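Before the sequence and model are used at the bench, it helps to know where the open and closed spaces lie and how far the coordinates can be trusted. Please look through both first.

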Amino acid sequence: TSPTGPASGAGIHLKLECLQPIGSFKIRGAAHALASAPPEALAAGVYTASAGNMAQGVAFAARAAGVRCRVVVPDTAPRTKLDAIARLGAEAVPVPYAEWWRAIETHGHPREEGLFIHPVADPAVVAGNATVGLEILEDLPAVGAVFVPYGGGGLSCGIAAALRARGSRARVYAAEVETAAPFAASLEADAPVRVERTPTFVDGIGGSSVLPEMWPMARELLAGSVVVSLAEVCDAIRTLATGPHVVAEGAGGAALAAARAALDGRLPGTDEGPVVAVISGGNLDAVHLAAILRGEVPA
């Protein structure tokens, strides 16, 4: 981890998962899931449902293992991520958003074959993600709070589980964007609920609902949700690009935006040790990055 510097809030450290070979933390869970699968389960290939980053993670791991890979993607997936999927030797299968989300909810797609690797609710994937938490503890044993983008909960719950297993009392907060914040709504209702979502350039988080199978873990392990605006996400992305020269996608920007907001509001944990924002990925479309650097808020 590395501190962001005075321009973006004293005491905020960055866990730069955007520097992974695929530009995202997703390589961790994907690689662990493939390594954990018996050879016979991989005979017909693998597939996943992803907006792009898990797609790249599974494609990267499948190529290394010599396994066929297909990816069910929403038809709104950015060109940057689709091109990366193709470069890694996998085939993208675009479907409407509702059909894509149904594949995530049902753990599979009726027209695909092979081993389905769930992008979130797979114990092997969550365990792979948990290594982020172990690395945070290596650098910052006294960490007080960690802010993690919440898409399906696999990263935030993995990190929180690792911290708890190692005896850390750090609080892990979900970072969500106001255009779709299902975890915050579910916490308020004390049950997983669906929300109306507005599609934006922040494509790595902001689903329609909290997955029922992830709800007990998320409710138990996470300290809460910090919901930020698109403008705050863009401001965080600009700070990262012009300060430490880090390119973050919308989800990663949301983590820094949430950490800043939490420091201003003094959430529990933010005054009890170092504060970490997990910059989960850096696969931001160049057109969107250019607009953000001009001071605009992309749709």
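The paragraphs below take up confidence, then the pocket, then the cavity, and then two loop residues.

This is a predicted model. The average pLDDT for the protein is 93, and 97% of the residues score at least 70. Residues 5-9 are a stretch where pLDDT stays under 50. For that stretch the model has four contacts beyond four places in sequence.

Next comes the open space. The largest pocket has a volume of about 720 Å³. Its lining is made up of 48 residues, and the closest of them to the pocket centre are A51, W100, D203, G204 and I205. Three elements give two or more residues to this lining: α2 (53-65), α4 (97-106) and α6 (154-165). Of the elements, α4 gives the most, with four residues. Sorted by class, the pocket lining holds 23 nonpolar, 19 polar and six charged residues.

The closed space is a separate matter. Across the whole structure, a search finds one cavity of 30 Å³ or more. The volume of the largest cavity is about 40 Å³. Residues V177, T179 and A180 line this cavity, together with R197, T198, P199, T200, V202, I205 and G206. By class, five of the lining residues are nonpolar, four are polar and one is charged. I205 belongs to the cavity lining, and I205 is also among the residues closest to the centre of the largest pocket.

The last topic is backbone geometry. Most residues other than glycine have a negative phi. Which value does phi of D190 take? It is near 60°, a positive value in a residue other than glycine. D190 sits in the loop that runs between α7 (182-189) and α8 (215-221). Is D190 buried, partly exposed or exposed? D190 counts as partly exposed because its relative accessibility is 48%, and the partly exposed class ends at 50%.

H245 also has a positive phi, near 60°, and is likewise a residue other than glycine. Where is H245 placed? H245 lies in the loop between α9 (230-242) and α10 (250-265). With a relative accessible area of 65%, H245 is exposed, since that class covers values over 50%.

Note on methods:
Residues are numbered from 1 along each chain as its sequence is written. This is a predicted model: local features need pLDDT of at least 70, side-chain atom pairs count only at pLDDT 80 or more; totals for chains, interfaces and linings use all residues. Side-chain values use heavy atoms; hydrogens and water are left out. On a 1 Å grid over the protein atoms alone, a cavity is a set of points where a 1.4 Å probe fits but cannot get out, and a pocket is an open set with protein on both sides within 12 Å along at least five of seven lines; lining residues have an atom within 4 Å of a point. Grid points are joined across faces, edges and corners, and a volume is the space filled by probe spheres set on the points. Ala, Val, Leu, Ile, Met, Phe, Trp, Tyr, Cys and Pro count as nonpolar, Asp, Glu, Lys and Arg as charged, and the others, Gly among them, as polar. pLDDT is the predictor's confidence in each residue, from 0 to 100. Contact means heavy atoms within 4.5 Å. Buried means under 20% relative accessible area, exposed over 50%, partly exposed in between (1.4 Å probe, protein chains only).
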